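Subject: Structure for you, with notes

Hello,

Here is the structure I said I would pass on. My notes on what was found in it come after.

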Amino acid sequence: MAGRVEGKVALVTGAARGMGRAHAVRLAAEGADVVVVDVCGELPDVAYPSATQEDLDETVRQVEAQGRRAVPAVVDVRDLAGLTEAADRGVAELGRLDVLVANAGICSPRAWDKVAPEVFANTLDVNVTGVWNTVMAGAPHLVEAGGGSIVLVSSAAGLKVQPFMVHYTTSKWAVRGMAKAFAAELAQHSIRVNSLHPTGVATGMGGGDMQAALGAAIGGDPRLAGMFSNLLPVDITQPEDVADVVLFLASDESRYVTAHEMAVDAGVSEF
């Protein structure tokens, strides 16, 4: 079925690469124009390289290769004013806003007693406040459009305990609750809000540097390693696997799906 979001406009954070790029390109392939937002700069406390301006330019190129328009914005999701300006500019250029995908986030695995106060604070600032900022910047435009879909990207760590990342798990449970709270109040405007819960995804965040950090933490208590095992016989999923579900939640096919936790987790949350 082609054109599943034809005529819609989406805003995606963390769009320079990884899952964010996959979401933007998948939505564009099905007819949406996209506001693509990324910090394109240093992220706090993480073991993996940050996205660059060149990464965001490549996302724009891939969206435009689908025959759709892309409006890039270099903004830190911790900056509400900057996000609001990006959403407003996107609407000014593209005419409307129908879909928000709050995808930006950070992860820095470490044992509980290695989580410094600033690491805990930075994780919540990006993963929770950044998601809240995204909704606050974009939701008024969805109200004006007469409805829409908001997807808040949480994690399997927002459905079950994942060890060696108490700060990350805390943030992702908060995103899950935030989705339900927004869903209740925005329903009167025909706006649906759902949280998305992937297992491990093959991105820069999920790459070798972060796996090394996780492995070092597991070394302190190997009994817990099995908590990261998927039920399905796969070690990791691809960004496109998650993007397919973002497309479903953005499309009218999910018009009665709201306040729901959508797990794209290969069964890890049941293990």
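**Salt bridges**

Arg 26 and Asp 244 form a salt bridge, with their closest N and O atoms 2.8 Å apart. Arg 26 belongs to helix 1 (residues 18–29) and Asp 244 to helix 7 (residues 239–250), so this pair ties together parts that are 218 residues apart in sequence. Both ends are partly exposed: Arg 26 has a relative accessibility of 24%, and Asp 244 has a relative accessible area of 35%. Please keep in mind throughout that this is a predicted model.

The count of salt bridges comes to 15. Another of them joins the side chains of Glu 6 and Arg 68, at 3.7 Å from N to O. Glu 6 sits in the segment before strand 1 (9–13), while Arg 68 sits in the loop between helix 2 (53–65) and strand 3 (70–74), so the pair ties together parts that are 62 residues apart in sequence. Glu 6 is exposed, at 53% relative accessible area, whereas Arg 68 is partly exposed, at 22%. These two residues also belong to a network of salt bridges that links Glu 6, Asp 33, Arg 68 and Arg 69.

A further pair is Arg 96 and Asp 98, whose side chains meet at 2.7 Å, N to O. Here Arg 96 is partly exposed, with 34% relative accessibility, but Asp 98 is buried, with a relative accessible area of 5%.

**A lysine without a partner**

Side chains of opposite charge can pair when their charged atoms come close. What is the nearest side chain of opposite charge to Lys 160, and how far away is it? It is Asp 265, at 7.9 Å, and Lys 160 has no salt bridge although it is buried. A salt bridge requires the nitrogen and the carboxyl oxygen to be within 4 Å, so a pair at such a distance does not count as one.

Lys 160 lies in the loop between strand 5 (148–153) and helix 5 (166–186). Its side chain does reach the backbone oxygen of Met 227, at 2.6 Å. Setting aside neighbours within four places in sequence, the contacts of Lys 160 are Thr 169, Trp 173, Met 227, Val 268, Ser 269 and Phe 271. Met 227 is thus both a contact of Lys 160 and the residue whose backbone oxygen the lysine side chain reaches.

**A buried threonine in strand 1**

Thr 13 is part of strand 1. Is Thr 13 buried or exposed? With 1% relative accessibility, Thr 13 counts as buried. A polar atom of the Thr 13 side chain lies 2.9 Å from the backbone nitrogen of Asn 103, and the side chain also reaches the backbone nitrogen of Ala 104, at 3.0 Å. Not counting residues up to four places away in sequence, Thr 13 touches Gly 20, Val 37, Val 77, Leu 83, Val 101, Ala 102, Asn 103, Ala 104 and Thr 134. Thr 199 is 186 residues from Thr 13 along the chain, and the C-alpha atoms of the two are separated by 19 Å.

**Nonpolar cores**

In soluble globular proteins, nonpolar side chains tend to be buried together. The largest nonpolar core in this model has 46 residues, and those with the most contacts inside it are Leu 11, Val 37, Leu 97, Ile 150, Leu 152, Leu 186 and Val 193. Apart from this core lies another, of 33 residues, with Ala 10, Ala 24, Val 63 and Val 264 among them.

Ile 150 is in contact with Leu 186 and Val 193, and also with others including Leu 100, Val 135, Ala 139 and Leu 142, leaving aside neighbours within four places in sequence.

**The chain as a whole**

The protein has seven helices and seven strands. From the N terminus on, the elements run β-α-β-α-β-α-β-α-β-α-β-α-α-β. A compact globule of 271 residues would have a radius of gyration near 18 Å, and the 17 Å of this protein agrees with that. Along the principal axes, the C-alpha atoms fill a box of roughly 55 × 35 × 30 Å.

Of the 271 residues, 52% are buried. Among contacts with a separation of 6 or more, 77% are between residues 24 or more positions apart.

Regards

Note on methods. Residues are numbered from 1 along each chain as its sequence is written. This is a predicted model: local features need pLDDT of at least 70, side-chain atom pairs count only at pLDDT 80 or more; totals for chains, interfaces and linings use all residues. Side-chain values use heavy atoms; hydrogens and water are left out. Helices (H or I, at least four residues) and strands (E, at least two) are DSSP runs, numbered from the N terminus. Buried means under 20% relative accessible area, exposed over 50%, partly exposed in between (1.4 Å probe, protein chains only). Lys and Arg count as positive and Asp and Glu as negative; His and the chain ends are not counted. A polar contact is a pair of N or O atoms within 3.5 Å; within protein, one must be able to donate a hydrogen and the other to accept it, and residues adjacent in sequence count only if both atoms are side-chain atoms. Contact means heavy atoms within 4.5 Å. A nonpolar core is a set of buried Ala, Val, Leu, Ile, Met, Phe, Trp, Tyr and Cys residues joined through side-chain atoms within 4.5 Å. The radius of gyration is taken over C-alpha atoms; the globule rule is 2.2 Å times the number of residues to the power 0.38.
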